[in-house]
Structures are given as C-alpha cells and as structure tokens.
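Morning, everyone. I have one model to walk through, so please pull it up on your screens.

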Amino acid sequence: MNLLDNKTLWAFVSGSDEARFINDIHFGVCCLKHRQIQASNIICFVDSVGTSIFAMPSNFPSNIPIHATSEIASVIRSHSPEKVVFVVTGHGQAEGISAVPTISPSSLVNSVKGASNVQHSLFVLGQCYAGTFNYLQTRPLDPNGKPIHGPEFAFIGATDLQVSLSDIVDLSTIGLQGFQCSPKWCANLFLFFFMLFIAFPKDIDGDGRICVIDSYKFAGVHSNESLINAKRHSLIKLSAILQKALSQSPSGQNKNITASLTQQSIQDLSQSSRVVLSQQKSWILNANFARRLTL
C-alpha cells in the first residue's frame, strides 16, 4: 500500500500557530512536494491562525487549505480518501493533543472511522506525551471481540510519556536545495527527520523495501543522536555557568553560588538543565501493518 499515491490524504495538525510549529508543517509540505505529491492531497488543521502575533509565513503555499482542528472529522469525510496520514506537531498533554477542544486519542481515531472510504491510516505524533495514543485497539472488533472489516491503523510516537524534543535545525548545513520554507527554526526533531526521510527515502534495514518501518527507524535514531549532542552542549554550557559563578563567589561561600548568578545566568542554567534531563523514547503501534505501508 503506497502512501504516496493520489488516494492518500496527508493531514498536518497543530493546535497552536506558534511560528515553530507552522515551520514544522511548512517543511513537511515541502518534503511532500519534493516527492511530487499534489496540493489537493495535502491539508492542514491549525488553530488560531492570524489571531495571535504569529501568522502563516508569506511563502506558505496558498493552495494548501487550512482548517481548525475542530473540523478534522467533517473535513476528512468530505475528502473521502482511501488512506490518511496524520502528522501532528504542536503541544501535547495527558489527555491527548492540545487544541480547541483537546483532541483525545479516541476522538482522533473516530474521525477516521467516521469517513466511510478510509481503509488505512497512519498517525505520526510529534507532540509531548504522544504515548497517550499508545496501546489503542488498532483493529475494529465486533461486540464479541472478533475482528471485522474496517479501517486499520498504525501509530508512530516521537516520545512515550515524556516531553518531545525540539532544537534548531539549519537546512543550509544539510545541503537541501529548492525548499521554499524557513531555512532555520526550532524544529520538532522527530518530525523533521521523519519528513526528511519522506523527501529522501532509503532502505534502512536492507530488506529491499522502503516502508514506514524504515522512516520510524530513521527518525528515531537521528532524533536521539540529536538529543545526545544537545545534552553534550548543555553540559558544557552548564559547566561554564557554574565556573563563572564560582569565580564570582566570595571565598568560603561557594555553597551560596546561586546568589552570585545574574538573572540571565539562572535562566541559562535552568534551560541547560532541562535538556540534560530530557529523554526521547520513540514507539510504534501495529508494526506489522506499518511494514505494509510503502513510501
């Protein structure tokens, strides 16, 4: 089952129109266009566009429709696709995806079940606490618990029950040419590498096929490599902040070094500590089905 044919609808979702999330989506659209996906097969669901200090960038494709997240179910039904791929950025919480209203795991799944033509769906979840979508029933069952005909689902999560990882990416450093999106932004790293794989796919596991399993492995490996590098840089920065504080502390009072830090140093210390304490554990649900979804 090819996810890059004209029977697949790619839906980007964010409950926030913060610039970094819009840039995540814009990069994803560029990756799909690189693979010759038509604009008619791409749609966005973003809340509050144009009502905050951020708005869609001027070079965002005008032929990509944008709807509120509350319209996901009705819009998917109106498009009647055979396959749907959801790519979710933005914020997450214990109850699901932060949006208006909150998108719970069951409500997102039901938005697909309610579209009669949909046979297969992939959910790529980059928001914090994506693990709230794990362990769902991915095969429809009758009242007796027996499988029945209906849409089949696969889920990929950037994180389990942890915060997701974002960091600065610079397209100029990885040699991407012709991508008309922001060249540098604080990207959701798992989604960045997932969409980069879509644009430039390769057989990761050497089985002679390029499928969703390959994209999952690629995004998981590279986002965790990025986390290791971010922790290394944060530890170096942490050390420098503390050394500066020690040098400024009166002799014999190093136990009170925090008092000698400037407000900016305290903020830097807090931010560096947050990165050092972060984890990035990706997961996949219904891997056997995901193996059949080719890219």
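I'll go through cysteines, then salt bridges, then one helix pair.

A reminder before we start: this is a predicted model.

Cysteines, then. How many disulfides does the count give? Zero disulfides. Two cysteines still deserve a look for their surroundings. Cys211 is buried, at 0% relative accessible area. Cys186 is partly exposed, at 28%. The cut-off for buried is under 20%, so Cys186 does not count as buried.

On to charges. Side chains of opposite charge can pair when their charged atoms come close. Here the count is four salt bridges. I'll show you three, among them a pair between Glu18 and Arg20.

In that pair, the N to O distance is 3.3 Å. Glu18 is partly exposed, with 24% relative accessible area. Arg20 is partly exposed too, at 27%.

Next, Glu152 and Arg292. Their side chains form a salt bridge at 3.5 Å, N to O. Where do the two residues of this pair sit in the chain? Glu152 is in strand β8, residues 152–157. Arg292 is in helix α7, residues 287–292. They are 140 residues apart, so this pair links distant parts of the chain. Is Glu152 buried or exposed? Buried, at 10% relative accessible area. Its partner Arg292 is partly exposed, at 39%.

Third pair: Asp205 with Lys217. The closest N and O atoms are 3.2 Å apart. Asp205 lies in the loop between α4 (189–199) and α5 (212–248), while Lys217 is in helix α5 itself, so the salt bridge ties together parts twelve residues apart in sequence. Asp205 has 34% relative accessibility and counts as partly exposed. Lys217 comes out at 35%, again partly exposed.

Last topic: helix packing. Take helix α1, residues 19–34, and look at how it sits against α4. The angle is about 15°, and the axes are 8 Å apart. Angles under 35 degrees count as roughly parallel, and α1 and α4 therefore fall in that class. The crossing of α1 and α4 is left-handed.

Which residues meet there? On the α1 side we have Phe27, Gly28, Cys31, Leu32 and His34. On the α4 side they meet Phe192, Met195, Leu196, Ile198 and Ala199.

To recap: zero disulfides, four salt bridges, and a roughly parallel α1 and α4 pair. Over to you for discussion.

How values were computed
Residues are numbered from 1 along each chain as its sequence is written. This is a predicted model: local features need pLDDT of at least 70, side-chain atom pairs count only at pLDDT 80 or more; totals for chains, interfaces and linings use all residues. Side-chain values use heavy atoms; hydrogens and water are left out. A disulfide is a pair of cysteine sulfur atoms within 2.5 Å. Buried means under 20% relative accessible area, exposed over 50%, partly exposed in between (1.4 Å probe, protein chains only). Helices (H or I, at least four residues) and strands (E, at least two) are DSSP runs, numbered from the N terminus. Axes are lines fitted to C-alpha atoms, for helices over the stretch in contact, and angles run from 0 to 180 degrees between N-to-C directions. Angles under 35 degrees count as roughly parallel, over 145 as roughly antiparallel, 65 to 115 as roughly perpendicular and the rest as oblique. A crossing is left-handed if the near helix is turned anticlockwise from the far one by less than a right angle, and right-handed if clockwise. Contact means heavy atoms within 4.5 Å.
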